[in-house]
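Biologist: I should be grateful for a close look at a single strand of this model. Please begin with its pairing and then place it in the setting of the rest of the structure.

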Amino acid sequence: MTHAAASRLAKAGILTLPATGLLWLFNKAGQPLGGPSSNYMPHGYCYMWNPGIVWLHAISDGLIAISYYTIPAILIYFIRKNRGIPFSRVFWMFGGFILACGTTHVLEIWNVWHGDYVLAGVVKGVTAAISVLTAAMLIPLAPKALSLPGLEVVNRELKEQVAERERSKATTEQALKDLADQKFALDQHAIVATTDVQGTITYVNDKFCAISKYSREELVGANHRILNSSHHPKEFFHEMYHTIANGRVWRGDICNRAKDGSLYWVDTTIVPLLTEDGKPRQYMAIRADITDRKRAEEVRERLAAIVDSSDDAIISKDLNGVITAWNQGAEKIFGYSASEAAGKAMLILFPPERLDDEAGILAHIRKGEGVNHFETVRVRKDGTKIEVSVTISPIRDSSGTVVGASTIARDITERKQIQEARLLAEERYRRFVERTAAGVLRNTLDGRILESNDAMVRMLGYDSRAEFLSRPRPEIHYVNPEERQLLVEQLKQRGTLNDYEACFKRRDGKPVWVVMSLVLVKGEDEAGDILEATVIDVTARKHAEQQLAEQAQELSQQAEELLHTQREIRKLNEKLEERVAQRTAQLAAANQELEAFTYSVSHDLRAPLRHIGGFSRILMEDFGSEMNPEAQRHLQRIEEGVRRMGLLVDELLNLARVGRHSLKLQPTVLNPVIEEVVSLLQPETQDRQVTWKIAGLPEAQCDPVLIKQVFQNLIANALKFTRPRECAVIEIDSRQEEEKLVVWIRDNGVGFDMKYSDKLFGVFQRLHKAEDFEGTGIGLATVQRIVTKHGGRVWADSELGKGTTFSFTLEPAKNDLQENALRNRTISTGARS
Amino acid sequence: MNANEIDILLVDDSQDDIDLTLHALRAERLANRVFVAYDGEEALDFLFCSGPHSDRSFDHPPKLILLDLKLPKVDGLQVLKRIKEDERTQTIPVVLMTSSKEERDRVQGYALGVNSYLQKPVDFEEFRKMVKLAGLYWLVVNQAPVVSSTPLAAEAK
């Protein structure tokens, strides 16, 4: 075979060689590609590139290599499949040794064309190392290998094994039968299903179908979740899947939903069936129907809840009186918590004086007897006593033996209080009814008196209530026997009657006037409709009314008379008023006349005086020389008379004017007034020695015009009566006397006898002869009138020959200028002439 | 007596008072040109040239009027009022002479514009003194309005 042919051959068939590197090496049909890859001569040259030899070697080496590579692969497969093989490590080593040998052959082929002898050497080295190691391992194994049974032994063993197999087959068959039986039994008893790891149902038994109400066809292939009832929370299933997914058995109660929607409870055991490597392969669920049990439990729980939530205390105790159960009601009523009470003696609830009761109760219970609704007193935890109603019943076990007692206690403290309050209220109303002055009656419509109070009995003159109630016929109580029937008819129509007036007949026959309020009460009493009446005795009032009527009659007569009198009085009054008006008018007229008189005095009287005086004077002047001295003296007398008359008229006018003058009170400084008066009187003091001692006077509350008149008259008086004195001394001063201001004017004049002092202030009263002291007798009267008009008084102190002091009182000024006045006191005490 | 040349118009109803007044005036040589009216009506007639005095001229009004308060027919205060209300006469000095000491008369008189108010004293000496003083004062001492007669004279034409 030529090089090219080899190459072709290579192209055609050696491509299956396992070493991929060979592919390009053979591209030039036996010629190395791009020359040799090393400096060594390829083995082919040893073969002289004789294609026969070359390919013989190459193919042989190739086949050897293929074979060598195949052997370890088979070995590994063998080892893996047959775990029971001993010395597996040696097998591994052997495999490696053969693999290395194969590789040396591959390199043989390679070196035909390439000459990589270093590589080939290395591979051979590795192969040698593995060979040595394998041999080394084999040596110690030899004795062990020798101990392995020999072929005959193996044969015998095989026969035994076959026999054994036969036996075991029988046993297995028996076991399978047993298993089937057990399965049957299981299916009879339990609800069984299997699912794959995804939960898809792979098997169900009849009971499963029966309880779930699905057909087997519906179930198998469906996910187990179709039975989920939503009763359980997600965590419940998480925990379950977590358990079984980890290869552990799960057990629990599951509520499932049947096809028709009904729920059923199953006690479930899920067993994961595992693969060889311990992973769940499928799950087997074995269940028992516990729906009834669950229902019973629910009922029991509900009952327990009822017991617990009851407001009544529900307590159980054993026959020794030790508390075994204690509900919330008991906690509330007695104050002990369940944990506090459990195990304690029932006696903790008994008040000291009733401790002995418990023994009796327990004795009853032991006999199987209960105690119903008996009211007693118990003690709370805080020591307060409470009224309770207790029912105690024996508790029996399933065999009927009494094992304890249940106590149901209800707090009736409040009920007791209400009861007592009601009794009290009833008592109060009874007392009220009994004590009221009004009569109270209850009777049937046909007149049978059921109840009455003592007031009623007394009103009708009976001695006792019993006697009154025993009177059979009600009509006898009426003066007019038909009246009762009338009253009943009215009452039937209206239901109530108020202020119904009637006349009863007392037992002694005397009439009693009454006013009644009546009510018809229906259907409250077994005696039928009842008439309730409140009766007030108005006999006295009736009498009083009669008397009143008579009195009223009398009164109206008197009133008539009174009216008559009144009319007369009115007439008289009218007359009186008329007269008053007349008088007033007369008085006004008189006043007017007086004024007119004053006016005419001032005007008309003065004019003739002036004429008389005037013509006398003319007569004197023009004809005096022709008259004898006697006639002249007469004329002078006429003139003197005229002058006096003039004075008199002026002073009278003054006096009258004071009367009419309306008082204008104001704070008045008195000193300037005095000074003005003194200067007015200047003509009087000419040619005379007069010493003035005028103190500073306080302000006075007075009419300045009128007070000036007072000073004028008094000072003029003083000047007049001091005329005989060589040196006249006139003092004016004041003093405070009980809130009044006393002003006084003192002179050292002739004075007067005090026995005439009462005449001093009278009009036209004079104490001196006109020849000695001229005067009209009006000046002091005017002074008195003015002072009196001011609310003050005036008086004089005098001693004949020594002098006179005139004093008068005034109100001090309202605005308090006393200080000013005091400051002014220092002025003008010096003499003036 | 020429009614057009009058210095004083004396109005009084009392002949006594008139005589005494004239006596007093005469002593001072003031009584020559005096016209006496005996009541208020006559005084007004004289002043306003009416009634019996309608022939009188406005050209010569009196230089002084001595007026009593209590007068027949027209009261003194009424006369005063008419005099002081009328432009033609209001400049003539009017002296009220009365016996009355009544303050209200005085107040009313001044309110109506009287030029002087005199109370006739009872004593004749004093009376005489007073009349003399008043006459001299108003006719001699006092300066009358310059041409007091002019408005009246003008009106008369």
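Modeller: Two strands are taken to pair if DSSP finds at least two bridges between them. The model is a predicted one, and the strand chosen for the close look is β3 of chain B, residues 64-68. On one side of the account stands strand β1 of chain B, residues 8-11, which pairs with β3(B) in the parallel sense over four bridges. Within that pairing, Leu9(B) has Ile65(B) of β3(B) as its bridge partner. Strand β4 of chain B, residues 94-98, also pairs with β3(B), again in the parallel sense and over four bridges. Here Leu66(B) has Val95(B) of β4(B) as its bridge partner. The connection from β3(B) to β4(B) passes through helix α3 of chain B, residues 76-85, and this β-α-β crossover is right-handed.

The surroundings of β3(B) come next. A residue is called buried if 20 or more other C-beta atoms lie within 10 Å of its own. Five of the five residues of β3(B) are buried, so the strand is largely enclosed by the rest of the structure. Leu64(B), Leu66(B) and Asp68(B) point one way from the strand, whereas Ile65(B) and Leu67(B) point the other way. The bridge partners named above thus involve one residue from each of these groups: Ile65(B) is paired with Leu9(B), and Leu66(B) with Val95(B).

Chain B also meets chain A: 17 residues of chain B are in contact with 16 residues of chain A. On the chain A side, α18 (539-623) and α19 (629-660) each supply at least two residues. The greatest contribution to that side comes from α18(A), with twelve residues. Sorted by class, the chain A side holds six nonpolar, six polar and four charged residues. As to α19(A), its 32 residues should span 46 Å at 1.5 Å a residue, and the end C-alpha atoms lie 47 Å apart, which agrees. The buried residues of α19(A) are Glu639(A), Val642(A), Leu652(A), Leu653(A), Asn654(A) and Val658(A).

Chain A offers a contrast in strand pairing. It contains 24 helices and 22 strands, and 22% of its 833 residues count as buried. Of its contacts between residues at least 6 apart in sequence, 56% join residues at least 24 apart. Whereas β3(B) has parallel partners in β1(B) and β4(B), an open sheet of five strands in chain A, ordered β2-β1-β5-β4-β3, has antiparallel pairing. Its edge strands, each paired on one side only, are β2 (201-204) and β3 (250-257) of chain A. Neighbouring strands of this sheet are turned by 30° against each other on average, direction ignored. Strand β1 of chain A, residues 191-196, and β2(A) are joined by three bridges, and Ala193(A) stands opposite Val204(A) in β2(A). Helix α9(A) packs on this sheet and touches β3, β4 (263-274) and β5 (280-289) of chain A, with its direction at about 135° to that of β3(A). The twelve residues of α9(A), 234-245, reach 16 Å from the first C-alpha to the last, close to the 16 Å expected at 1.5 Å a residue. After α9(A) comes Gly247(A), with a positive phi near 80°.

Another open sheet of five strands in chain A has the order β12-β11-β15-β14-β13, also with antiparallel pairing. The edge strands are β12 (449-452) and β13 (496-505) of chain A. On average, its neighbouring strands are turned by 30° against each other, direction ignored. Helix α17 of chain A, residues 483-494, packs on the sheet, touches β13, β14 and β15 (530-537) of chain A, and makes about 175° with the direction of β13(A). Between β13(A) and β14(A), residues 511-521, there are eight bridges, and Phe504(A) stands opposite Val512(A) in β14(A). Asp499(A) is found in β13(A) and has a positive phi of about 50° although it is not a glycine. This residue counts as exposed because it has 8 C-beta neighbours inside 10 Å, unlike the buried residues of β3(B).

Technical notes. Residues are numbered from 1 along each chain as its sequence is written. Chains are lettered from A and ligands numbered from 1 in the order in which they are written. This is a predicted model: local features need pLDDT of at least 70, side-chain atom pairs count only at pLDDT 80 or more; totals for chains, interfaces and linings use all residues. Axes are lines fitted to C-alpha atoms, for helices over the stretch in contact, and angles run from 0 to 180 degrees between N-to-C directions. Two residues are in contact if their C-beta atoms, placed from the backbone, lie within 7 Å. A residue is buried if 20 or more other C-beta atoms lie within 10 Å of its own, exposed if 12 or fewer, and partly exposed in between; C-beta atoms are placed from the backbone. The expected span of a helix is 1.5 Å times one less than its number of residues. A crossover is right-handed if, with the strands pointing away from the viewer, the path from the first strand over the helix to the second runs clockwise. Ala, Val, Leu, Ile, Met, Phe, Trp, Tyr, Cys and Pro count as nonpolar, Asp, Glu, Lys and Arg as charged, and the others, Gly among them, as polar.
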